Structures are given as C-alpha cells and as structure tokens.
Amino acid sequence: MGVRTRDQYIGSLRDQRPRVYMAGRRVDNIFDHPLFKLGINSLAVTYEVANDPRYMDLSIVESPLINETISRWTHIQENAEDALVKTKLMRRLGDAICACHYRCITSDCLNAAWAISWEIDRKHGTNYHQRVVEVVKEAQRKDLMIGGGIVDPRGDRRFR
C-alpha cells in the first residue's frame with residue numbers, strides 16, 4: 001500500500017472503533033463530532049497531498065527497505081536533501097492547512113529511533129536496531145501515523 005488515500009486513512013480510523021471519552025462522557029462518533037472532525041480532516045489532508053500530482057515530488061519517495069513508493073513521513077532520511085525536501089513539504093502543508101499537521105512527528109520518531117537504536121547496538125552489542133527496522137517497514141507499508149509526546153525535562157514550569 002505504501003501511500004494511503006484520505007478515504008483509506010479515515011476508513012482505518014472507523015475500522016478501529018475507538019472508545020473515546022471527553023469531559024467524562026463517551027463520544028460515540030468522533031468522525032462527526034465537531035471537536036474531532038477538524039483534527040481528522042487536517043490529518044487527512046496529508047494523505048490527499050501524497051496523492052496529488054502537484055505535491056508528489058515532495059510527498060512520496062521510493063523506500064529501499066520495502067521497495068515501494070511510500071509517504072515522505074515514513075521515510076528514513078538518508079542525506080541532507082531528504083531533510084530539505086521534508087522541510088519544503090512541511091511549508092507547503094503549512095500554507096494549505098496550518099503550521100502543525102502532526103505527520104512530521106511520525107518522521108521525527110522513526111528517524112530518531114533508527115539513529116538511536118543503531119548507536120545503542122553498536123555500543124552495547126544489542127539487537128534493538130533490527131526491531132526498529134521492522135517497525136519502520138510496517139509504518140511504510142501501512143502509511144501509519146505515529147504520535148509522540150513532548151515532556152518538559154524541567155518538570156514544574158513554574159520554577160526556574
């Protein structure tokens with residue numbers, strides 16, 4: 001599959017049948033709920049762009065891992081040009097929807113895990129990197145979106 005469409009992305013969410021609660025109440029249909037619909041549609045734009053001929057030069061790439069065309073968001077950057085193209089894609093999406101569309105987190109997580117696992121294996125003789133390779137391959141095949149959390153290392157921000 002490598003590059004999903006908007007409909008495939010939204011269909012995959014529907015297939016998951018998420019159990020969601022907001023403010024202590026269950027939300028039975030997040031797809032039509034106004035507080036979720038905007039986010040889902042914004043993320044869906046990233047799948048539209050990947051299938052739009054005007055953006056394909058930025059949004060898709062050939063994967064040497066699975067030998068398929070994949071989304072730029074699941075690609076492991078191999079050089080400075082890859083990083084530059086990702087930045088150009090982010091800017092184009094920023095012009096189309098908003099500055100943050102969350103797909104860059106997928107790229108950042110996969111690329112960080114790739115580099116860090118390789119370093120850990122080299123230093124400690126472990127085999128974490130091969131596991132990361134398999135996760136990256138799955139993310140590429142299914143055009144997955146990966147979320148990440150950012151934690152302030154200082155802890156309580158009220159204190160200097």
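Me: Helices are DSSP runs (H or I) of at least four residues, numbered from the N terminus. With that settled, where is the place of R158 relative to α6?

Reply: R158 is in the segment after α6, and α6 covers residues 128-142. Keep in mind that this is a predicted model.

Me: Is R158 buried or exposed?

Reply: R158 is exposed, at a relative accessible area of 69%.

Me: And how far apart are R158 and M145 in space?

Reply: Their C-alpha atoms are 33 Å apart, with a sequence separation of 13 residues.

Me: Let's zoom out. How many helices and strands does the protein chain have?

Reply: There are six helices and four strands. Going along the sequence, the pattern reads α-β-β-α-α-β-β-α-α-α. The C-alpha trace spans about 50 × 50 × 30 Å along its principal axes.

Me: What percentage of the residues is buried?

Reply: Of the 160 residues in the chain, 35% are buried.

Me: And what share of the contacts joins residues 24 or more positions apart?

Reply: That share is 58%, taken among contacts with a separation of 6 or more.

Me: On to pockets. What volume does the largest pocket have?

Reply: The largest pocket has a volume of about 190 Å³. Ten residues line this pocket, and R4, Y9, S12, L13 and Q16 are the ones nearest its centre.

Me: Which helix gives the largest share of that lining?

Reply: That would be helix α1, residues 6-16, with four residues. By type, the whole lining splits into six nonpolar, two polar and two charged residues.

Me: Sticking with α1, which of its residues are buried?

Reply: The buried ones are Y9, I10, S12 and L13. They sit on the same side of α1, because they cover an arc of only 150 degrees around the axis.

Me: Why do residues three or four places apart point the same way in an α-helix?

Reply: An α-helix has 3.6 residues a turn, so residues with that spacing face the same way.

Me: What's on the face of α1 turned away from the buried side?

Reply: That face carries the exposed residues D7 and D15. On the buried side, the cover includes α2, residues 34-50.

Me: What follows α1?

Reply: R17 does, and its phi is positive, near 50 degrees.

Me: Different topic: how many disulfides does the count come to?

Reply: The count is zero.

Me: Why is there no bond for C109?

Reply: The closest cysteine sulfur to that of C109 is in C104, 9.5 Å away, which is too far for a bond. The cut-off for a disulfide is sulfur atoms within 2.5 Å.

Me: Are those two cysteines buried or exposed?

Reply: C104 counts as buried, since its relative accessibility is 13%. C109 is partly exposed, at 29% relative accessible area. For reference, buried means under 20%.

Me: Last one, S59. Which helix is it found in?

Reply: S59 is in helix α3, residues 56-59. This serine is buried, with a relative accessible area of 2%.

Me: Which residues does S59 touch, not counting those up to four places away in sequence?

Reply: With those neighbours set aside, S59 touches V49, A50, I70, S71, R72 and L89.

How values were computed
Residues numbered from 1 in each chain as written. Predicted model: local features only at pLDDT ≥ 70, side-chain atom pairs only at ≥ 80, totals over all residues. Heavy atoms only, no water. 1 Å grid on protein atoms, 1.4 Å probe; cavity = no way out; pocket = protein on both sides within 12 Å on 5 of 7 lines; lining within 4 Å. Points joined across faces, edges and corners; volume = space filled by probe spheres on them. Helix = DSSP H or I, 4+ residues; strand = E, 2+ residues; numbered from the N terminus. Nonpolar A, V, L, I, M, F, W, Y, C, P; charged D, E, K, R; others polar. Buried < 20%, exposed > 50% of the residue type's maximum accessible area, 1.4 Å probe, protein only. Arc of directions from axis to C-beta. Contact = heavy atoms within 4.5 Å.
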